[in-house]
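Thanks for asking me to look this one over. My notes follow as numbered points, for you to read alongside the model.

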Amino acid sequence: MKKITSAAVLGAGVMGSQIAAHLINAGLEVFLFDIVPEKLTDKEEKAGATLSDASVRNRFALGAIERLKKTRPSPLFRTLWANRLFPGNFEDDLERLGGADFIIEAVVESLPVKQALMGKIASHISDQAIVSTNTSGIPISKIGEGMSDALKKRFLGTHFFNPPRYMRLLEIIPTRWTSPEVVAATRRFAEEDLGKGVVIARDTPNFIANRIGIFAFLLTFRLMEKWGLSIEEVDALTGKLIGHPKTATYRTADMVGLDIIAHVADNVYQMAPDDPLREIFSLPETLRALLQKGWLGAKTGQGFYRKTKEGIEALDFKEMTYRPKAKVAFPVLDRLQAYEDPRRRIEILLEDTSPPARFVSDLLQGILLYVASQAPDISGSIMDIDQAMRWGFGWKQGPFELWDALGVTTLGEKIKDAGGQLPPLIQDVLSTTPARFYLSDGEKPAVFDPGTKTHLPVKHPEWFVHLSEEHAGVKKIKENAGATLWDVGDDVACLEFHTKMNAIGGDIMAMIDETIERVESEMRGLVVANHATHFSAGANLMLLLFEIEDEDWEEIDFAIKQFQDAFMKLKYAKVPVVAAPAGMALGGGCECCLASDRIVAHAETYMGLVEVGVGLIPAGGGCKEMLIRAFERIPEGFEGDSFPFVRKVFETIGMARVSTSAEEARKWGYMRREDAICMNRDAQIYQAKKAVLAMDTAGYRPPRPPEGLVALGDSGRALLELGIYYMKEGREISPHDAYIGQKLAWVLTGGDVLPGSMVTEQYLLDLEREVFLSLCGEAKTQDRIRYMLQKGKPLRN
């Protein structure tokens, strides 16, 4: 199949425009189409426009592009990229479809409308283009019924989850006509270019994730009534406690919108007459009453919850009125606080006889039995069902992973003892040895296949690398409480952090020292990466606060020096070092990346030096490295003033700017032009390893210490402090913020040296450490650290 480099999205509504935005994120040329308006708006009439004007005829696409610029969180990696979209309409621009490799239909959820549009575009598209529909529930085969045989082979469903940039799940739904090559090409494009987690679904009502997710929501509602629980109590029992998102059931429903939930439920009820639990999908009258009142959730300001000036209120279903949100107190919840593992919590809940525990037991068993009974119809893959619920609904474990965790035999016996029946799929698994859906045998993991009723090897693409001894080609070299060193093949090592939030402390520092010594003598290079949600949230503030309260300034000074030395070892290692951040890379996590030869960042990397938020400055080399990057951007032979380059660094650090994407990290100077961005998180270590090998093959030599670090001295510092003064007088910053800004300016301008003096890296590191230590002694800094540890956000004072 031809490589996909251009795309067209048909339909400029919320979903269509955001799909188009993510295609732009992937670097494609993208056309966005919609209908031609039938009449002018008042604004267009006043401007003297006519229905023949292009701006009018493309109004819907142009309007969508403008909305993309204002939407938060942004659907685009860089807001200005919205201008890369080409607007068009279904009357004037269909010939442009001939240049599109991938065409995605995302118009209104109406079968006649979708069929008519497919008929209209058929003669305009390339005979190699892949065509898909983004329906969330209409049968894909129905939409494709009128197509030519040739087009049917290139037609399938692609169900993006909203918002497309941030939701990893993509369900691909082939029809009986779709060619395997088209399915494979679409999957490869979605995984590698769009960064999606792809599952293959069968063409059944609402496919995989929504079918299971809506069943779980409606079963929860009915069991809530059965056990006499309140909204708050249900949310306390169905969130992180059982490995589901912290928004649990009803807060999630408010975010999604009750109208969307009702649409999906009604669709399953109408389209799945043979589902033995079809009546679960019949929307209860209480929920229909909410629809009639227009209480749809966040979009209407009230749903199951509403926010008032006095605080959060919860809905009382009996009275259909709101009351202050109540605190939940169940004895069983107190017992479970001692356990971090959701699996262990669930085991305890299944054995407990209190009403809250029996509610959870009924709910989980109901979900697990339903999924097991429907699995053969909705997907041919156990793993795809589990991944759909993890990627689409944020479950820590998919349903079959949970079956294994609780024990298929144990749970099966429990269900039979209670008078329940086991679905054929569970009976098939019970006939195998061991009776599990997933098997782990060294480097050969396997998963149960419903078709053959045997366990088959798990297959991953070449670029999938997982830091586990169960993964082929990955071996553990060394570990301590904070980090592990892995051999990921081809004589490349990978250093993995695994503390809480991957906060950097003594264990990680010690492992960095040991790692550099080892890889320099035995390996070709090093990757620094992990699979956690966040690469690293920075230094361990709790340990720092302990030392501050003990007034152990020597220990703090030693710890900072240890930080600096570790990152300098990364920077000047004799082998190439590549950092592979994802999620948050803040403070010390950012400094770790700055010290590496290259960065291969996941597209969703939020990088920044945020120390000023707790009343400190970067002291692990962050100030120094940002200055080096600033001087690198000065053109050779440039004889002008370097102040603007230093000012940008001052503003970036002083305002604690955090990138909203890896692309934006380039804008703020955290990443260089030669650093790479990887769309798929599972491919990141593979790509970072390739970067290491490429540098090694090219004859890697460690970087030389930077030359030409010219300090601005007191003249440059005076200009920075003038800006600080005006911000303070304008009440944009507090007096304490101004004080921190002056300290930062002192470091960035070289401290007590004459303007134009040449300074070294070590001199700048010593300045960082000196100022950091002085700020640790400030009472307001200590207050900010305490606030951050308690609230998880900076204190503004």
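1. Let me start with H263, which is partly exposed at a relative accessible area of 40%. This histidine belongs to helix α12, the stretch covering residues 258–271. If you want a long-range distance to check, take H263 and A375: their C-alpha atoms are 22 Å apart in space, and the two residues are 112 apart in sequence. Please keep in mind throughout that this is a predicted model.

2. How is the protein built overall? Its secondary structure comes to 32 helices and 23 strands. The radius of gyration is 29 Å, close to the 28 Å from the globule rule for 797 residues, so the protein is as compact as a globular protein of that length. Along the principal axes, the C-alpha atoms fill a box of roughly 80 × 70 × 60 Å.

3. A few totals may help you judge the packing. Of the 797 residues, 54% are buried. Among contacts with a separation of 6 or more, 68% are between residues 24 or more positions apart. The protein exposes about 35,300 Å², and carbon and sulfur atoms supply 51% of that area.

4. On electrostatics, the protein has 94 positive and 109 negative charges. The mean positions of these two sets are 3 Å apart.

5. The aromatic side chains deserve a look, with 20 aromatic pairs in the structure. In one of them, Y250 and F304, the ring centres are 4.7 Å apart and the planes meet at 55 degrees, so the pair is tilted. An angle over 60 degrees would have counted as edge-to-face. Y250 lies in helix α11 (residues 250–256), while F304 is in the loop between α13 (285–293) and β9 (305–308), so the pair ties together parts 54 residues apart in sequence.

6. Are those two aromatic residues buried or exposed? Both Y250 and F304 are buried. They also belong to a wider group, as ring pairs link F217, F221, Y250, F304 and F317 into a cluster. When you open the model, selecting these five residues shows the cluster.

7. Next comes G713, a glycine in helix α29, which covers residues 713–729. Its relative accessible area is 0%, so G713 is buried, the cut-off being under 20%. Which residues does G713 touch, leaving aside those up to four places away in sequence? They are T749, V753, L754 and P755. The C-alpha atom of G713 is also 7.7 Å from that of S757, a residue 44 positions away along the chain.

8. R672 makes a useful second example. This arginine is in the loop between α27 (662–667) and β23 (676–678). With a relative accessibility of 17%, R672 counts as buried, because the cut-off for that class is under 20%. Not counting residues up to four places away in sequence, R672 touches I628, R629, E632 and R666.

9. Two peptide bonds are worth checking in your own viewer. The bond joining R72 and P73 is cis, with omega at about -5 degrees. P73 is in the loop between α4 (59–70) and β3 (86–89). The bond from T433 to P434 is cis as well, with omega near -10 degrees. P434 has its place in the loop between α20 (424–430) and β12 (438–439).

10. Finally, where does the backbone show a positive phi at a residue that is not a glycine? One such residue is D491, with phi at about 60 degrees. D491 is in the loop between β16 (483–487) and β17 (492–497), and its relative accessibility of 42% makes it partly exposed. Another is E551, whose phi is about 55 degrees. E551 is in the loop between α22 (541–549) and α23 (553–571). At 56% relative accessibility E551 counts as exposed, because that class begins over 50%.

Terms used
Residues are numbered from 1 along each chain as its sequence is written. Side-chain values use heavy atoms; hydrogens and water are left out. Helices (H or I, at least four residues) and strands (E, at least two) are DSSP runs, numbered from the N terminus. The radius of gyration is taken over C-alpha atoms; the globule rule is 2.2 Å times the number of residues to the power 0.38. Buried means under 20% relative accessible area, exposed over 50%, partly exposed in between (1.4 Å probe, protein chains only). Contact means heavy atoms within 4.5 Å. Accessible areas come from the Shrake-Rupley method with a 1.4 Å probe; for residues, only the protein chains shown count as cover. Lys and Arg count as positive and Asp and Glu as negative; His and the chain ends are not counted. The place of a charge is taken as NZ of Lys, CZ of Arg, CG of Asp or CD of Glu. Rings of Phe, Tyr and Trp (its six-membered ring) pair if their centres lie within 6.5 Å; planes under 30 degrees apart count as stacked, over 60 as edge-to-face and the rest as tilted.
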